[in-house]
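Got a few minutes to poke at how the labels on a model get earned? Let's go through it as questions and answers.

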Amino acid sequence: MFNLSTNDQHYARYPSVLIDTFTLYKQISRQYADQNILNSIRQLVPDKILKLNSDALLKPLFQWFKNDFMSWMPKDPKCRICNIPLDIQLINGNSWKLRKTEVHTCGICGSKLIFPRYGEILRIAKIRTGRCSEWSILFGGILNALSFQTRIIHDYLDHCWNESMMDSNWLHLDSTLDYPISFNHPHFYEQNWGKMYEYVLAFSANSLEDVTQTYTEHWDIVQKRRRRKDKKNIEDFKTIYSTL
Ligand SMILES: [Zn+2]
C-alpha cells in the first residue's frame, strides 16, 4: 500500500467532480450496509408489497416507487402561478451530505422552489423528489432493505441507476424508467438515448468496477473512444476510490 493524495501530480488530471462523485458513492455504499438506515427505509414500502415473495415484488415495487412515492424534479422547472421558466441560483454544499442547493426563483411573482441535493438516504426519503441520482440512491437503499444486494451505477454522461445481485449476476435496474424497461434492459440507453459511453462505473463499499461492457453493444468503439479521448485509467480510479 502507498499513501495517495488526490492532489498528487499523477492524479491531477482527474477533475474534482470525479473525486466528489467517488466520495458520494462510497458514502452511499456505506449507508447501504447500515442496518439502522435499512430498517427505516423498509418501513416506507407498503405492506402489500413487503408480503410478496422476491420473484413477485419487483414489478409492484418499481410501480409504487415511480408512480406513487417519488416525484421528478425537472432541470428547468416553471412557475406554477405564472407558467414561465424560473431563474436558477446554485449554492454549493459543504460535503457529500448536502452537495448543493438549487434555488429557482420566478422573475415575475418572486415565488421560490428550493431543491437540496442530498447524499443521505433518509433525507432523500423525506423530500421524495429528485433526479436520477436521488432516485437511484434511494431505490438502491430500498432494494438493500429488501435483501437484494444492490449497488449504484454512474455512466459519467448524465445518468445513474442501480444493479442488484440476482442468481449470481449483477442485473440492471432503473427506477426512473417504466417497468419492464426498468429491469434488466442494459442496452436501453445506447439504443434509445444514443449514449456514447467511455466509462460506466459500479460502486460498492469496498470496490469500484468498470461495467461498461454490460451496457454497450459496441465495446470496440468504446475502447477506441477511450484511447482517443483521454488518459484516464481504471486502475487509477480503483486506487483513488480505495483511499476515500
Ligand atoms: Zn411566478
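Two strands count as paired if DSSP finds at least two bridges between them. With that cut-off in hand, Thr105 is found standing opposite Lys112 in β4. Keep in mind that this is a predicted model.

Q: How do you know that β3 and β4 are joined as a pair, and which way do they run?
A: Pairing takes at least two bridges, and seven join strand β3 (residues 98-105) to β4. That clears the cut-off, and the two strands run antiparallel. One of the partnerships puts Thr101 with Pro116 in β4.

Q: What makes Gly110 worth a look in the hairpin of β3 and β4?
A: Gly110 takes a positive phi near 80° there, in a hairpin with six residues between the strands.

Q: Why are β2 and β4 said to stand at the edges?
A: The open sheet has three strands in the order β2-β3-β4, with antiparallel pairing. β2 (87-95) and β4 (112-118) each have a single partner strand, so one side of each goes without a neighbour in the sheet. On average, neighbouring strands here are turned by 15° against each other, direction ignored.

Q: Why are α1 and α6 called roughly parallel?
A: Helix α1 (residues 16-32) and helix α6 (residues 132-145) pack at an angle of about 25°. Angles under 35 degrees count as roughly parallel, so α1 and α6 earn the label. Their axes are 9 Å apart, and α1 passes α6 in a right-handed crossing.

Q: What makes up the contact of α1 with α6?
A: From α1 come Ile28, Gln31 and Tyr32, which meet Ile137, Gly140, Gly141 and Asn144 in α6. By class, the residues of this contact split into three nonpolar, four polar and no charged. Gly counts as polar in this scheme, so Gly140 and Gly141 go on the polar side.

Q: Why is α2 called roughly perpendicular to α6?
A: Helix α2 (residues 35-42) and α6 pack at an angle of about 95°, and their axes are 8 Å apart. The window for roughly perpendicular is 65 to 115 degrees, so α2 fits the term relative to α6.

Q: Which residues meet where α2 packs on α6, and how many are charged?
A: Ile37, Leu38, Ile41 and Arg42 in α2 meet Gly141, Ile142, Asn144 and Ala145 in α6. The class tally is five nonpolar, two polar and one charged. Arg counts as charged, so Arg42 is the charged residue here.

Conventions:
Residues are numbered from 1 along each chain as its sequence is written. This is a predicted model: local features need pLDDT of at least 70, side-chain atom pairs count only at pLDDT 80 or more; totals for chains, interfaces and linings use all residues. Axes are lines fitted to C-alpha atoms, for helices over the stretch in contact, and angles run from 0 to 180 degrees between N-to-C directions. Helices (H or I, at least four residues) and strands (E, at least two) are DSSP runs, numbered from the N terminus. Angles under 35 degrees count as roughly parallel, over 145 as roughly antiparallel, 65 to 115 as roughly perpendicular and the rest as oblique. A crossing is left-handed if the near helix is turned anticlockwise from the far one by less than a right angle, and right-handed if clockwise. Two residues are in contact if their C-beta atoms, placed from the backbone, lie within 7 Å.
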